[in-house]
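Let's work through a few exercises together. Keep the picture handy and try each task before you read its solution.

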Amino acid sequence: MPKHQIPIIDTDIHERVQYEDILDRLEEPFRHYIANCHWIQEKHMPYTQPSVAGVDRADAKLPDGRPAGSDLPFMQEQLLDDIGHEAGILTSALDPSPSSMHGWHEMAAALATAYNDWQIETWLDKDERIYGSVHIAAQERDAAVKEIERVGPHPKMVQVLLPIDDIMWGDPYYHPIFEAAEKHNLMIGMHHNEPPVYYGKWPRYFIEWHTLIPTAHMKQITNLMFNGVFEKFPNLGLIMIEAGFTFIPHLMWKMDQQYRDLRHEVPWLKRKPSDIMREQVRFTTQPAEELTKKEFMSLIEQMGSDEMLCFSTDYPHWDFDAPDRALPNMDPELKQKIFADNAKNFYPKLPNPKEG
Amino acid sequence: MKEQVVCKTSEIQPGEMMKSTFGKQNVLICRTPDGDFHAFMNQCIHQGAPLDKGMMCGATTESSEPGDYQYCHQGEILRCPWHGREFDIKNEGRMLANPDKKIPSFKVRVEDEDVIVYK
Ligand code: FES
């Protein structure tokens with residue numbers, strides 16, 4: 001019997017790949033550079049403080065020593081079956097995202113392609129509950145569009161993943177990526193990479209970095225908003241993954257107030273920013289701050305919508321949110337929305353019986 | 001269930017821990033480096049993680065100054081496998097960041113080779 005009464009849609013699950021898993025799907029010459037020339041990605045976090053097992057839940061490491069998130073049967077047992085997931089969306093740990101890699105963009109694009117094939121074969125085709133994210137090397141824009149065209153039509157690909165790092169994706173140069181996503185009914189999922197918060201650098205302490213992740217998310221929403229992405233692509237939605245949600249009212253108020261003063265600078269914006277956010281931007285709940293029911297309900301009221309939050313666990317990472325413990329008690333109707341319906345209504349490619 | 005043998009002393013070395021059951025409860029038996037045994041509920045009070053998958057380690061202490069770590073209580077701190085909250089085994093399982101909270105504990109005594117948990 002699953003632990004959770006509402007079959008949940010989990011909007012942030014990190015599957016993990018190691019280079020050897022995708023080598024046979026990687027084109028030459030890129031395979032050669034990894035297999036024989038010791039190529040590895042160059043960005044690494046300088047901290048291991050977060051938990052007893054780096055950035056993973058210590059109990060999610062595989063018994064054979066492979067890192068957490070590497071194995072479907074183990075994930076089924078520890079997460080999907082145990083909690084009773086209706087669906088879960090993979091957001092990966094090809095770390096860092098190909099779009100976040102400095103230099104050698106061809107390698108980034110080749111890795112994204114190999115990763116997508118691996119993801120489809122190893123996860124999406126193996127468990128009907130699991131949905132996927134299209135990986136791209138967005139800095140190599142035209143290759144990114146091609147990759148969206150190639151794997152975007154897969155029935156279980158529900159979004160295109162963009163990292164939050166040092167590129168602001170709202171710039172018109174990247175709009176063809178949004179156009180391709182919209183064409184294939186894919187949403188945009190944004191997840192922070194490293195290091196997005198301290199003026200492009202790492203702060204002295206992990207706790208500083210981790211506290212301020214929402215600021216990096218706010219920058220991207222603001223950037224897409226005022227660069228007109230939501231107006232230009234009205235069927236496109238953006239979901240901000242893993243920054244929590246308590247900053248949402250602040251950002252809505254701030255952007256609305258700025259818009260009243262400075263509309264003339266961004267005349268392509270026809271709707272109030274807060275209305276656009278309510279219609280087109282969603283947020284995964286984790287990592288949820290520990291709020292009382294009263295505080296939580298007051299936030300929802302300030303957002304002016306109970307349809308913006310989508311539950312996520314962030315499994316198997318150390319700051320995993322347990323579905324029955326992370327959020328305060330709420331009435332069943334709201335619970336149904338946050339734990340399942342909001343995500344179903346957001347992602348056009350998730351099965352949604354209500355829409356028939 | 002008032003009391004129960006949960007393991008033999010030789011089954012847990014100082015600085016190690018193991019899970020066991022006390023009646024229907026999942027319990028965690030920790031043996032601190034001084035050889036003492038302590039028993040707690042094997043479930044984190046934050047979000048319910050299985051504590052036996054965590055780690056017994058030391059802790060940076062309050063006497064640390066900015067930029068200068070003091071680390072002690074080696075083997076006396078239980079860190080949760082999920083969010084890493086720290087609990088002081090020698091101080092009733094109190095959380096270091098918020099000592100008002102503690103992991104529910106059980107009494108323990110050793111008779112010959114038997115580690116006995118009781119209420
Ligand atoms: S569940 Fe133990 S610290 Fe969160």
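**Exercise 1.** How many residues of chain B are in contact with chain A, and how many residues of chain A do they touch?

*Before we start.* You're looking at a predicted model, where local features need pLDDT of at least 70, side-chain atom pairs count only at pLDDT 80 or more, and totals for chains, interfaces and linings use all residues. Residues are numbered from 1 along each chain as its sequence is written, chains are lettered from A and ligands numbered from 1 in the order in which they are written, and side-chain values use heavy atoms, with hydrogens and water left out.

*Solution.*
- Step 1: contact means heavy atoms within 4.5 Å. By that rule, 17 residues of chain B meet 18 residues of chain A.
- Step 2: look at buried area, the accessible area (1.4 Å probe) that two parts lose on being put together, summed over both. Here it comes to about 1,300 Å², and carbon and sulfur atoms give 47% of that.
- Step 3: on the chain B side, Gln47(B), Trp82(B) and His83(B) lose the most area to chain A, together 44% of what that side buries.

**Exercise 2.** Which residues form a salt bridge, and how far apart are the closest N and O atoms?

*Solution.*
- Step 1: a salt bridge needs a side-chain nitrogen of Lys or Arg within 4 Å of a carboxyl oxygen of Asp or Glu.
- Step 2: the rule finds one across the interface of chain B and chain A.
- Step 3: Glu290(A) pairs with Arg85(B), with the closest N and O atoms 3.0 Å apart.

**Exercise 3.** Why is Cys72(B) in no disulfide with Cys57(B)?

*Solution.*
- Step 1: a disulfide is a covalent bond between the sulfur atoms of two cysteines. The cut-off used is a pair of cysteine sulfur atoms within 2.5 Å.
- Step 2: the closest cysteine sulfur to that of Cys72(B) belongs to Cys57(B), 12 Å away, so the gap is too far for a bond.
- Step 3: over all chains, the structure holds zero disulfides. Cys30(B) is in none either, as the nearest cysteine sulfur, in Cys7(B), is 11 Å away.
- Step 4: check the surroundings, where buried means under 20% relative accessible area, exposed over 50%, and partly exposed in between (1.4 Å probe, protein chains only). Cys30(B) is buried at 0%, while Cys72(B) is partly exposed at 33%.
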